[in-house]
Amino acid sequence: MGAFIRKAAPVAGLLVLAPFVGEFLLGNLSVRILPALLFLVPMYGGGALLIREVVRRTGFGWPAILLLGAAYGVIEAGLADQSLFNPAFEGHDFQAVTPIPALGISAENSLSFVAGHAVWSIGVPIALVEHLTPARRTTAWLGPIGLAVTALAYTWGLWIVFRELQDSEGFLATPAQLTGAAVVAALLVAAAFLTRRPGAARSAAGWVPRPWLVAAGGFVVSSVFVARPGSWAGFWFGVALLPLAAAAVAALARRPQWTQRQQVALCGGVLMTYAWLGFVLTGLMEPGDPVRWWGNAGFAAVAVALLVWCRRVGQRPAAASTAAASASATQ
């Protein structure tokens, strides 16, 4: 029984963490409807788990995870809830800024939706749960049957969200829009498997920031990204910022001094951006609801507790190495 729990724990953790970060920590959903987390597990959690398993089984790395995360974002926002195309999605005017009438989208919101899902809904949850399971960090968590069930659950989750939004919104994108979204998602999937596999030549030794500095940098850069103005200037700034940040992280990650501690610190800093953003969204949507404010505080506290746990797990290998060295010295 204990072995089963150890094997199932990372799977369950990722299934829950993906929708928690992607919707509740973000502040898009109130603590009042926390049970809706289970409703979102098949799509968010199933998508994150499917991406993680496919990438780890095929031997690709983080560029593939993030590109598949972007494909996930296009599928969710373009095909499932269709927020990319719905001009009045959930009562918001998402196409008021940077509209592209020929496509029926907002450039700014399209970038935000896709990047948000790639980084926060997919990338950060995978990184944190893998960090908490060091012995199985880069190995498969599921067998063939589990992988097939996950794929079916993800597909079912997309259908659930599609039907729910059809009933509540009464909006359906045009065939051209749906086809375009599917093509873009397919191209992102193809690009993911054209990335370089890990294990390629590492760069020469060089300076690597300490984990706390990596966390601060991740927090600042991701906060600047989500806080940029909703305008064409903000859109182009975001388009420039994303590849620059990715290139900087990739360059550092190729250095031998870059360790798992830096990686999880980066994800921790990025995670906390959603913690403060949740309060901002509550102030915009339901500023007079004290329950929602307290819910944001609770979600932020859960995020902090998760990062404290990650830090303690990250200290275990160092502690074990120190103990082993001490034992060797006495023999």
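This is a short talk on the helices, voids and ring contacts of one protein model.

Hi everyone, thanks for coming. Before anything else, please keep in mind that this is a predicted model.

Let me begin with helix α3. It runs over residues 62–80, which makes 19 residues. What span should we expect for α3 at 1.5 Å a residue? The answer is 27 Å, and the C-alpha atoms at its ends are 25 Å apart, so expectation and model agree. Just past the end of α3, Q82 adopts a positive phi of about 60 degrees.

Staying with backbone angles, the loop that joins α3 to β1, with β1 at 99–100, holds E90. E90 is not a glycine, and yet its phi is positive, at about 50 degrees. T98 sits in the loop between α3 and β1 as well. Its phi is near 40 degrees, again positive in a residue other than glycine. Now, are these residues buried or exposed, or something in between? E90 has a relative accessible area of 44%, so it counts as partly exposed. T98 has a relative accessible area of 4%, and because buried means under 20%, T98 is buried.

One long-range contact for you next. A190 belongs to helix α6, residues 175–192. How far from A71 is A190, in sequence and in space? They are 119 residues apart along the chain, while their C-alpha atoms are 9.8 Å apart. A190 is partly exposed, given its relative accessible area of 40%.

On to the voids, which I suspect many of you came for. How many cavities of 30 Å³ or more turn up in a search of the whole structure? The search finds one. The largest cavity holds about 40 Å³ of space. Its lining is made of A80, D81, Q82, N86, F162, L165, Q166, E169 and F171. You will recognise Q82 there, the residue with the positive phi just after α3. Which helix gives the most to this lining? That is α5, residues 144–169, with four residues. Sorted by class, the lining of the largest cavity has four nonpolar, three polar and two charged residues.

Now for a pocket. The second largest pocket has a volume of about 1200 Å³. Its lining counts 44 residues, and those nearest its centre are L26, N28, F94, F113 and L281. Several helices supply at least two lining residues each, including α1 (2–25), α2 (36–58), α7 (211–227) and α9 (260–285). Our friends α3 and α5 are on that list too. The biggest share comes from α4, though, with eight residues, and α4 spans 107–131. By class, the lining of the second largest pocket comes to 25 nonpolar, eleven polar and eight charged residues.

Let me turn to the aromatics. Across the whole structure, the search finds twelve aromatic pairs. Take F20 and F299: their ring centres are 5.6 Å apart and their planes stand at 85 degrees, so this pair is edge-to-face. Since F20 is in helix α1 and F299 in helix α10 (residues 290–330), the pair ties together parts that are 279 residues apart in sequence. Both F20 and F299 are buried. Ring pairs also bring in F24, which forms a cluster with F20 and F299.

Compare that with F279 and W293. Here the ring centres are 6.2 Å apart and the planes are at 25 degrees, so the pair is stacked. F279 comes from α9 and W293 from α10, so the pair ties together parts 14 residues apart in sequence. As for accessibility, F279 is partly exposed at 29%, and W293 is partly exposed too, with a relative accessible area of 30%.

Last item: charges over rings. Which residue lies over the face of W141? It is R52, at 3.8 Å from the ring centre. In a second case, R197 places its charged end over the ring of F60, 4.2 Å from the centre of that ring.

That is the tour. If you open the model afterwards, you could start with the lining of the largest cavity, where Q82 and Q166 are among the residues, and then look at the cluster of F20, F24 and F299. Thanks, and I am happy to take questions.

Notes: Residues numbered from 1 in each chain as written. Predicted model: local features only at pLDDT ≥ 70, side-chain atom pairs only at ≥ 80, totals over all residues. Heavy atoms only, no water. Expected span 1.5 Å × (residues − 1). Buried < 20%, exposed > 50% of the residue type's maximum accessible area, 1.4 Å probe, protein only. 1 Å grid on protein atoms, 1.4 Å probe; cavity = no way out; pocket = protein on both sides within 12 Å on 5 of 7 lines; lining within 4 Å. Points joined across faces, edges and corners; volume = space filled by probe spheres on them. Nonpolar A, V, L, I, M, F, W, Y, C, P; charged D, E, K, R; others polar. Phe/Tyr/Trp six-rings, centres within 6.5 Å; stacked < 30°, edge-to-face > 60°. Lys NZ or Arg CZ within 6 Å of the ring centre and 35° of its normal.
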